[in-house]
Amino acid sequence: MISTQQISYILAVADSGSFSRAAVQCFVTQPTLSMQIKKAEETLGFPVFHRDTAKLELSDFGKALIPILRQIQGDFGTVERLTEQFSG
């Protein structure tokens, strides 16, 4: 399975439309971000982004994946709020 960090990186690239802008937003270098996304794609077995076009675009798999990753990220936030609530 891919990591929470990889989910954040994929969503940052999808939202910003750029690996370099996403790296700045995530406070990592562009090569680090690219490497982690590549590892996520290898784990998933499909590319998330088309890299062979002038404009960064989601693959068909990426288009289907992004809403799921947004839901997962939202669920992580829900768990965090619940633990804060119970910790007082």
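**Exercises on helix H1 and its surroundings**

Just after H1, Gly17 adopts a positive phi of about 75°. This is a predicted model, where local features need pLDDT of at least 70, side-chain atom pairs count only at pLDDT 80 or more, and totals for chains, interfaces and linings use all residues. Residues are numbered from 1 along each chain as its sequence is written, and side-chain values use heavy atoms, with hydrogens and water left out.

**Exercise 1.** Compare the expected span of helix H1 with the distance between its end C-alpha atoms.

*Solution.* Helices here are DSSP runs of H or I, at least four residues, and strands are runs of E, at least two, numbered from the N terminus. H1 covers residues 4–16, which is 13 residues. The expected span is 1.5 Å times one less than the number of residues. That gives 18 Å, and the end C-alpha atoms are 18 Å apart, so the two agree.

**Exercise 2.** Find what the buried residues of H1 pack against.

*Solution.* Buried means under 20% relative accessible area, exposed over 50%, partly exposed in between (1.4 Å probe, protein chains only). The buried residues of H1 include Ile7, Ile10 and Leu11. Contact means heavy atoms within 4.5 Å. The partners are helix H2 (19–26), helix H3 (30–44), strand S1 (49–50) and helix H4 (60–87).

**Exercise 3.** Decide whether Ser18 and Glu42 are buried or exposed.

*Solution.* Ser18 lies in the loop between H1 and H2. Its relative accessible area is 10%, so Ser18 is buried. Ser18 touches Val13 and Leu56, leaving aside residues up to four places away in sequence. Glu42 belongs to helix H3. Its relative accessibility is 58%, so Glu42 is exposed.
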